[in-house]
Amino acid sequence: MSAVVTQPQAGAKGQEFAMMTAPPPTVVVPAGLPPGLAYLGAIEEVRVHQELELIEVLVGWEKNNRYKICNTSEQQFMYAKEDTDCCTRQVCGTARPFVMNITDNDGQNLIQLHRPFRCQGSMFWCCCLQEMEIHSPAGVPIATIKEIWTCWTPRYKVFDMNGTPLFTILGECCYCKCCSDVIFKVFHGEDESVETGQIIKHWGGCREVFGGANDFSLRFPSGMDVLTKAILLGATFLIDFNYFEYSRN
């Protein structure tokens, strides 16, 4: 499947825009995935902004996380929303299982993220390593992201559904730095000698300290296919929950 995508004109931060789809093809979207992913395949940087929830700030009541996904002009072209029941959010906190739907601006499902429940902060490391599956809108698994145990440095492996390693994601030793960005480097396969992208957690100032709202950017190399970008986008949300979310209640 293929689609023609057009770069929007500069606009206000968070402003939505409509994407055009028509032949001839410029971005190839794999079979089984919606054409709404075509715009993602045409850009080399994505910005993810978690929405600030005032009720969480004021009373500590955990709500479903929501994120705006924008281009470098801060124009929204995707939206991500967690779907977890109220009891699970309050009891399990940041370790909670969830389904997160990533949609275009018209509400069409593009990909789904499925995170199972895993304990956190236990001595039984083999039971606490986090993971998440990325599914197509039809519920077909596409890839699995698994946390790899290390003494200091956050490390993840991304596998296709045949168990073939696609990427290694390596974080910084100190990922709770104040007033500075935290970089997660992306390497192809299991070869950590050549960097092929970055997931960057940006320091959010008061918005982050008092509201717990986080901001990320993803940087892709030229020519990276749309499916790979979608997988790395999904990995960003697992990293957010593992290291930068905290229980407000």
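Is Ile55 buried, exposed or partly exposed? Keep that in mind for a moment while I introduce the protein. Oh, and please remember that what we have here is a predicted model.

Okay, the overall picture. We have one protein chain with six helices and 15 strands. The chain has 249 residues, and 50% of them count as buried. If you take the contacts with a separation of 6 or more, residues 24 or more positions apart account for 47% of them. As for the outside, the accessible surface is about 11,500 Å², and carbon and sulfur atoms own 59% of that.

Back to Ile55, then. You'll find Ile55 in helix α2. With a relative accessibility of 40%, Ile55 counts as partly exposed. Ile55 also has company: together with Leu52, Leu54, Leu58, Val59 and Trp61, Ile55 makes a nonpolar patch on the surface, about 630 Å² in area.

Now for the aromatic rings. How many aromatic pairs does the structure hold? Eight of them. A quick word on how people talk about these: a pair of rings is described by how far apart the centres are and by the angle of the planes.

Let me show you one, Phe184 with Phe244. Centre to centre they are 6.3 Å apart, with 85° between the planes, and the pair is edge-to-face. Where do these two sit in the chain? Phe184 belongs to strand β13, residues 182-188, while Phe244 belongs to helix α6, residues 226-244, so this pair ties together parts that are 60 residues apart in sequence. Both Phe184 and Phe244 are buried.

Phe244 turns up again with Phe216. Here the ring centres are 5.9 Å apart and the planes are at 65°, so this pair is edge-to-face too. Phe216 is in strand β15, residues 215-219, and Phe244 is in helix α6, so parts that are 28 residues apart in sequence get tied together. Phe216 is buried, just like Phe244. If you step back, Tyr156, Phe184, Phe216, Tyr243 and Phe244 form one aromatic cluster.

And we're still not done with Phe244. Which residue puts its charged end over the ring of Phe244? That would be Lys201, at 5.2 Å from the ring centre. You can find a similar arrangement elsewhere: Lys146 lies over the face of Phe159, 5.9 Å from the centre of the ring.

Let's move on to salt bridges. The structure holds 10 of those. I'd start with Arg47, which has a salt bridge to Glu45, with 3.3 Å between the closest N and O atoms. Arg47 also forms a salt bridge with Glu74, and there the closest N and O atoms are 3.2 Å apart. Arg47 is in strand β4, residues 45-50, and Glu74 is in the loop between β5 (66-70) and β6 (75-83), so this pair ties together parts that are 27 residues apart in sequence.

How open are these three? Arg47 is partly exposed, with a relative accessible area of 24%. Glu45 counts as buried, at 18%. Glu74 is buried as well, at 14%.

Stay on Glu74 for a second, and look at the backbone. Most residues other than glycine have a negative phi. What is phi near for Glu74? About 65°, a positive value, and this residue is not a glycine. Remember where we are: Glu74 lies in the loop between β5 and β6.

One more salt bridge before I stop. The side chains of Arg66 and Glu51 meet with 3.4 Å from N to O. Arg66 is in strand β5, and Glu51 is in the loop between β4 and α2 (54-59), so to speak two distant parts of the chain, 15 residues apart. Arg66 has 25% relative accessibility, and that counts as partly exposed. And this pair is part of something shared: Glu51, Glu53, Lys63 and Arg66 are joined into one network by salt bridges that have partners in common.

If you open the structure yourself, I'd go to two places. One is Phe244, which belongs to the aromatic cluster and has the charged end of Lys201 over its ring. The other is Arg47, with salt bridges to Glu45 and to Glu74. That's it from me, thanks!

Methods:
Residues numbered from 1 in each chain as written. Predicted model: local features only at pLDDT ≥ 70, side-chain atom pairs only at ≥ 80, totals over all residues. Heavy atoms only, no water. Phe/Tyr/Trp six-rings, centres within 6.5 Å; stacked < 30°, edge-to-face > 60°. Helix = DSSP H or I, 4+ residues; strand = E, 2+ residues; numbered from the N terminus. Buried < 20%, exposed > 50% of the residue type's maximum accessible area, 1.4 Å probe, protein only. Lys NZ or Arg CZ within 6 Å of the ring centre and 35° of its normal. Salt bridge = Lys/Arg side-chain N within 4 Å of Asp/Glu carboxyl O. Contact = heavy atoms within 4.5 Å. Areas by Shrake-Rupley, 256 points an atom, 1.4 Å probe, with all protein chains shown as cover. Patch = residues over 30% accessible without salt bridge, like charges linked within 9 Å, V, L, I, M, F, W, Y side chains within 5 Å.
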